[in-house]
Amino acid sequence: MASNSSSSYVRDFFQAHRGLFVSFIVLLVFGFTALAIYELTTEVSYDEVIEALVSTSWSSIALAVFFTGLSFAALVGYDLNALTYIGRKLPTVPVAMTAFSAYAVGNTAGFGALSGGAIRFRGYSRLGLSPEDIGRVIAFVTFAFGIGLLSVTALACLVTAPRVGQIIGVSDTAIRIIALIIIVGLSILVFIGRDGRTISIGKVHLRLPDSRTSSQQFLVTALDIAASASVLYVLLPQTTIGWPSFLAIYATAVGAGVLSHVPAGLGVFETIIVAALGNTVDIDQVLGSLVLYRVIYHVLPLLIATLFVIFLEARQLSKHPVASTLRKLEFRLAPLLLSAFALIAGAMLVLSSVTPTPDSNLNFLGSYMPLPLVESAHFLSSIIGILLFVSARGLAQRLDGAWWTAVLCTALGLLFSLLKALALFEAVFLTVLLAGLLLSARQFNRPASMLRQALTPPWIVAMLILVAAATTILFFVYREVDYSRDLWWRFEFSAEAPRGLRAMLGIAIVAAVVSIFSLLRPAVKRSDLSTAEELTQATNIAMAQDFADANLVRMGDKRLMFSASGNAFIMYGIQGRSWIALFDPIGPSDEIAELVWRFVEEARTGGGRAVFYQISPDLLAYCTDAGMRAFRLGELAVVDLAGFELKGSRLSGLRQAINKGVREGLEFEMLQPHEVANQLEALRGVSESWLDEHNTREKTFSLGAFRDDYVLSQPVGILRKEGRIVAFATLAVTDTKQEGTVDLMRFAPDAPKGSMDFLFVRIMEHLRDAGFKEFNLGMAPLSGMAQREAAPAWDRIGSVIFEHGERFYNFKGLKAFKSKFHPRWEPRYLAVSGIGPAVAMMDATLLIGGGLRGVVGK
């Protein structure tokens with residue numbers, strides 16, 4: 001038992017700190033690869049690398065650009081195939097722009113499934129895809145790339161086994177056996193799924209692509225990998241390694257880079273290429289080609305995507321449907337593209353600060369610039385680079401503080417790039433970024449201070465990897481320098497190693513300060529409870545909206561956050577460190593984005609994490625923009641009252657319930673708020689007997705409780721039998737008459753069977769006759785989560801609970817009751833920030849139940 005307890009503790013501890021462990025491992029992997037690169041290049045000098053870089057012919061560069069375009073055209077094919085696989089058709093041009101931008105950012109920033117996935121969510125949500133469909137697209141392209149990379153590598157190794165074996169020191173027989181095993185395994189998988197068959201592995205159900213989709217995807221993947229490998233191959237000098245052998249090496253390097261989780265595979269990819277080609281090609285020429293490859297295949301597409309967004313910002317497009325769609329996509333994609341561009345620009349400034357300036361540029365500066373100005377510009381440029389790198393995260397989240405920081409850093413970096421080294425390429429790059437930031441200024445409208453932002457572990461790791469890369473390059477460039485204390489204090493135009501050392505020290509200090517600041521989370525702070533004036537203000541707003549459940553604000557048990565104008569609000573509660581907002585923000589739609597972001601920011605500032613509970617699909621895009629993840633929670637049942645009639649066979653069961661109730665003497669009456677006071681004690685008696693009968697207690701937060709002020713605030717539908725009230729339900733309605741719903745439903749123990757059906761039908765008929773359009777039957781928890789292809793773990797768990805959790809909660813019974821009314825089912829979601837859905841759901845359950853005691857004691 002002790003052993004099981006110990007292993008369980010270790011497992012729980014690892015799960016709780018999984019992000020930190022993964023981040024540490026990634027940093028460790030990069031450290032080893034940086035050391036390997038340094039050792040592999042012992043005989044290489046920086047000048048030789050630059051000479052190899054400069055000697056690359058323009059024809060080779062043009063070919064590399066051509067193959068880059070061909071590779072990205074193939075990458076767009078991934079998304080088109082994914083949309084075909086899920087049975088959705090979207091306009092080709094917006095899909096191509098979204099896919100191109102996703103790969104441009106994913107290839108450059110790393111963590112492709114996350115960074116590229118975020119762009120796909122923003123772009124495809126604008127094109128009408130549901131979150132589930134977008135998730136399936138992301139899963140398809142990720143899985144297809146991995147399988148395609150594996151198959152292409154195996155086929156290439158099968159053909160070039162002797163050459164590859166000679167390079168990596170493994171027998172060609174072993175390579176061919178491994179390649180054959182992989183090919184046979186993948187062939188079996190394709191054969192099994194030839195008709196789109198679904199396979200089950202435990203509780204996981206996966207529909208395999210049919211033969212046509214599989215063959216199309218293989219061709220797309222083969223074209224992508226062949227083209228991207230050709231980008232580097234044409235940049236290499238003449239070599240005895242044939243293209244097929246190089247393809248196998250390249251695919252292996254790409255796969256290792258992806259598996260390492262190091263951003264963009266930086267260092268890991270280079271180490272494998274250098275190790276494989278070092279015996280056949282001069283390493284200095286390989287390094288020069290790798291630098292050009294990174295610029296052409298990674299930076300150039302990002303530059304093109306950003307310039308395209310700048311073009312859309314600067315020019316009013318026509319009202320052509322395609323142009324209109326691209327305008328919508330541009331609004332969604334610009335922050336992410338500019339974020340990735342800022343990240344590259346920051347890294348460029350950092351790395352340029354530890355590399356020498358060309359002698360001709362130094363001589364020119366020495367003739368016109370005083371040495372202190374050049375030294376200061378060089379040092380400050382490195383600091384600006386790391387700050388610009390950090391601000392990239394805030395740009396992705398559209399923070400105004402991040403925008404101001406990025407604009408200031410970019411402008412200063414542009415100036416210093418000229419003062420320190422006449423670096424024209426840097427200046428052009430920063431000019432493009434500055435233009436994009438200024439033209440997109442209106443999109444960075446979320447009020448948030450950069451000082452209140454805490455970097456997540458992956459961002460800290462990315463920043464430390466940049467520092468480690470700069471350190472490695474510094475010692476590689478100045479390998480022959482005799483390091484001593486005096487070196488720090490040498491200030492000369494020709495003393496570039498001291499300048500690089502001082503810049504590296506500044507970079508390290510700033511990175512350390514930012515990392516420590518991010519790890520020292522703010523203390524937990526609770527917002528004040530709502531005042532009576534705020535409750536009145538919120539109630540007035542709720543009554544002017546179409547959402548009947550907004551009347552739960554009348555309970556007064558929730559905190560309130562109002563928009564800047566005071567015309568919209570969020571109602572929320574705090575449990576542990578979770579700040580849980582109930583429903584979508586209440587108020588005009590044009591104030592929702594700002595209010596969502598303010599709520600997320602306030603939660604972070606207060607040491608908590610934001611959670612949105614029972615939200616509609618309309619809010620998901622705003623939550624994603626704020627860095628939150630969405631999980632399906634269940635389905636909301638909505639009845640169209642205009643077509644609600646008991647005639648015909650469709651609602652025959654409800655018609656029978658009405659007839660039975662009439663025979664048993666049930667009488668329905670709708671009490672208006674001013675009439676409820678006279679019946680309050682009778683209603684209280686029914687409520688208390690219902691609580692005793694069900695051995696439960698009042699719930700709060702997402703449900704109303706029997707409190708005098710709350711019950712008296714809205715109409716109440718009652719059932720009488722022989723003059724005595726035997727059942728009642730409190731209504732929630734608004735002045736717009738768009739929707740009505742029921743909150744408290746209480747029945748006396750001796751109420752006739754079927755009274756609930758009778759009461760609901762009469763309430764719905766009353767609302768219909770009063771001019772209401774819809775009736776909200778409430779949510780069926782965990783409904784709609786079963787039997788979904790490629791379902792994430794949360795959905796699989798939810799579907800299992802829905803199917804087998806009847807002893808704990810009447811999931812199926814609740815769904816069956818609502819289904820009697822033949823409603824329209826609408827999905828509802830849980831959005832979380834920084835935590836898993838299980839923790840958020842536990843906190844929400846505790847909040848609704850009134851704490852642990854309330855949950856345990858029902």
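Buried means under 20% relative accessible area, exposed over 50%, and partly exposed in between, with a 1.4 Å probe and protein chains only. Helices (H or I, at least four residues) and strands (E, at least two) are DSSP runs, numbered from the N terminus.

This is a predicted model, in which local features need pLDDT of at least 70, side-chain atom pairs count only at pLDDT 80 or more, and totals for chains, interfaces and linings use all residues. Residues are numbered from 1 along each chain as its sequence is written, and side-chain values use heavy atoms, with hydrogens and water left out.

**Exercise 1. The whole chain**

Task: State how many helices and strands the protein chain has, and what percentage of its residues are buried.

Solution.
- Step 1. The protein chain has 31 helices and 13 strands.
- Step 2. Its length is 858 residues, and 52% of them are buried.
- Step 3. Now take contacts (heavy atoms within 4.5 Å). Of those in the protein chain with a separation of 6 or more, 75% link residues 24 or more positions apart.

**Exercise 2. Strand β5 and its partners**

Task: Decide whether the two faces of β5 are covered or open, and find the strands that pair with β5.

Solution.
- Step 1. Strand β5 covers residues 578-582; five of the five are buried, so the strand is largely enclosed by the rest of the structure.
- Step 2. Split the strand by side. S578, I580 and L582 lie on one side, W579 and A581 on the other, and both faces are covered.
- Step 3. Look for pairing, which requires at least two DSSP bridges between two strands. Strand β4 (residues 569-575) runs antiparallel to β5, with four bridges.
- Step 4. Find a bridge in this pair: Q575 is partnered by S578 of β5. Two residues lie between the strands of this hairpin, and G576 takes a positive phi near 65 degrees.
- Step 5. Turn to strand β6 (residues 609-615). It runs parallel to β5, and five bridges join the two.
- Step 6. W579 stands opposite A610 in β6, while A581 has F612 of β6 as its bridge partner.

**Exercise 3. From β6 into the core**

Task: Follow F612 from its strand into the largest nonpolar core.

Solution.
- Step 1. Seven of the seven residues of β6 are buried, so β6 is largely enclosed by the rest of the structure.
- Step 2. β6 also pairs with strand β13 (residues 824-832), antiparallel and over four bridges. There, F612 stands opposite A831.
- Step 3. Set aside neighbours within four places in sequence. The contacts of F612 then include I570, A581, F583, F599, Y829 and A831.
- Step 4. Define the core: a set of buried Ala, Val, Leu, Ile, Met, Phe, Trp, Tyr and Cys residues joined through side-chain atoms within 4.5 Å. The largest one has 154 residues, and F612 is among those that touch the most other members, together with Y124, Y250, F269, I273, L388 and F599.
- Step 5. Helix α13 (residues 321-352) gives the largest share of this core, 13 residues.
- Step 6. A second, separate core has 34 residues, including L646, L731, L759 and F817.
- Background: in soluble globular proteins, nonpolar side chains tend to be buried together.

**Exercise 4. Two buried helix residues**

Task: Place T306 and E426 in their helices, then list their contacts.

Solution.
- Step 1. T306 belongs to helix α12 (residues 283-314). Its relative accessible area is 1%, so T306 is buried.
- Step 2. Beyond its neighbours within four places in sequence, T306 contacts L337, L338 and F341.
- Step 3. Check a distance. The C-alpha atoms of T306 and S101 are 8.7 Å apart, although 205 residues separate them along the chain.
- Step 4. E426 is in helix α17 (residues 424-439). Its relative accessible area is 7%, so E426 is buried.
- Step 5. With the same exclusion of neighbours within four places, E426 contacts M348, L349, S352, S417 and K420.
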